[in-house]
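Hi everyone, thanks for making the time. I'd like to walk you through a structure that is probably new to most of you, so let's put it up on the screen.

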Amino acid sequence: MDEMRLPHDHKERFLEKGSGMPDVKQFQTAADILKLLGDASRIRIFWILCHCETCVINLSAMVDMSSPAVSHHLRQLKAVGLVSARRDGKEMYYTASKSEEADLLHHTIEQMIRISCPTTMEADEEQNRHPDLCRPAIADTIREVHALITENLEVRYTISELSARFLVNTSTLKEGFKAAYGVPIASYMKEYRIRYAEKLLRSTDRSVAEIAAQVGYETQSKFTKAFKDVAGMTPREYRKRRKEDEN
């Protein structure tokens, strides 16, 4: 093959045409993908979808943007193959594509964030060595997570959803919550729901089924089992005893 001859000979290793250097079109493809990531909101959306599958409405809430704006970003990401979608009834669900390009970009984004603003244990070590480095307020994030999940008991957030919503990795979220509140999120929320249900059983005439739904249990049987695990008796027994005590 012909060698690529350069105007000035500085003893570089010459590249053979068609072998060492990718074709111009290949560079253009890479440029088109990277161009899309020139927008922080789009990067954030892509990062979230690397961690979960969700709909436009939920994604809009996570990034605090309008649904049309999120849909616009999704169309662009989908056009270059970074995002895929599936329909379930009338709802469309989006997630990052299972491709080498998507995996590489996900890894690159997280590495750039780690380098520019380290997190958790790594951040503690870096903070000790270099106090001027930025450090995320993990404690503040954990408090925000706590506020969200305890103020919306009817909603059962998964670790992945919370991780995506608050832009913190799942390990940091779980470890940070346990450090702050003494128990894992699931154990904490189970007891929190039941203690709140006890309050409702004492102070309202709502049915057990209504209270179960209000504190996030889809069936009365699951609620009754969880209630007995925590309180040592069924919801009806608890209500009956409280009334007897008052009388």
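I'll talk about two helix contacts, then a pocket, and then a pair of rings.

Before we start, please keep in mind that this is a predicted model.

Let's begin with helix 7, which covers residues 138–151, and helix 9, which covers residues 170–181. At what angle do these two helices pack? The angle is about 85°, and their axes are 10 Å apart. An angle from 65 to 115 degrees counts as roughly perpendicular, so that is what we call helix 7 relative to helix 9.

Now look at who touches whom. From helix 7 we have Ile138, Ile142, Arg143, Val145, His146 and Ile149, and they meet Thr172, Leu173, Gly176, Phe177, Ala180 and Tyr181 of helix 9. Sorted by class, the residues of this contact are eight nonpolar, three polar and one charged.

Stay with helix 9 for a moment, and bring in helix 8. These two pack at about 100°, with 9 Å between their axes. Helix 8 and helix 9 are therefore roughly perpendicular as well. Here Ile159, Leu162 and Ser163 of helix 8 meet Thr170, Leu173 and Lys174 of helix 9. This contact divides into three nonpolar residues, two polar and one charged. If you're following along on screen, try finding Leu173: on helix 9, this residue takes part in the contact with helix 7 and also in the one with helix 8.

Next, the pocket. I've picked the second largest one, with a volume of about 260 Å³. Its lining has 15 residues, and those nearest the centre are Tyr157, Ile185, Ala186, Met189 and Arg193. Which elements give two or more residues to that lining? They are helix 8, residues 159–166, and helix 10, residues 185–203. Helix 10 gives the most, with five residues. As for the classes, the lining has 10 nonpolar residues, one polar and four charged.

Last stop: aromatic rings. The model has seven aromatic pairs. One of them is Phe223 with Phe227: the ring centres are 5.7 Å apart and the planes sit at 65°, so this pair is edge-to-face. And how far apart are the two along helix 12, residues 220–231? They are four residues apart, which means a separation of about one helical turn.

That's my tour. Thanks for listening, and I'm happy to go back to any of these views.

How values were computed
Residues numbered from 1 in each chain as written. Predicted model: local features only at pLDDT ≥ 70, side-chain atom pairs only at ≥ 80, totals over all residues. Heavy atoms only, no water. Axes fitted to C-alpha atoms, helices over the stretch in contact; angles between N-to-C directions. Parallel < 35°, antiparallel > 145°, perpendicular 65-115°, else oblique. Contact = heavy atoms within 4.5 Å. Nonpolar A, V, L, I, M, F, W, Y, C, P; charged D, E, K, R; others polar. 1 Å grid on protein atoms, 1.4 Å probe; cavity = no way out; pocket = protein on both sides within 12 Å on 5 of 7 lines; lining within 4 Å. Points joined across faces, edges and corners; volume = space filled by probe spheres on them. Phe/Tyr/Trp six-rings, centres within 6.5 Å; stacked < 30°, edge-to-face > 60°.
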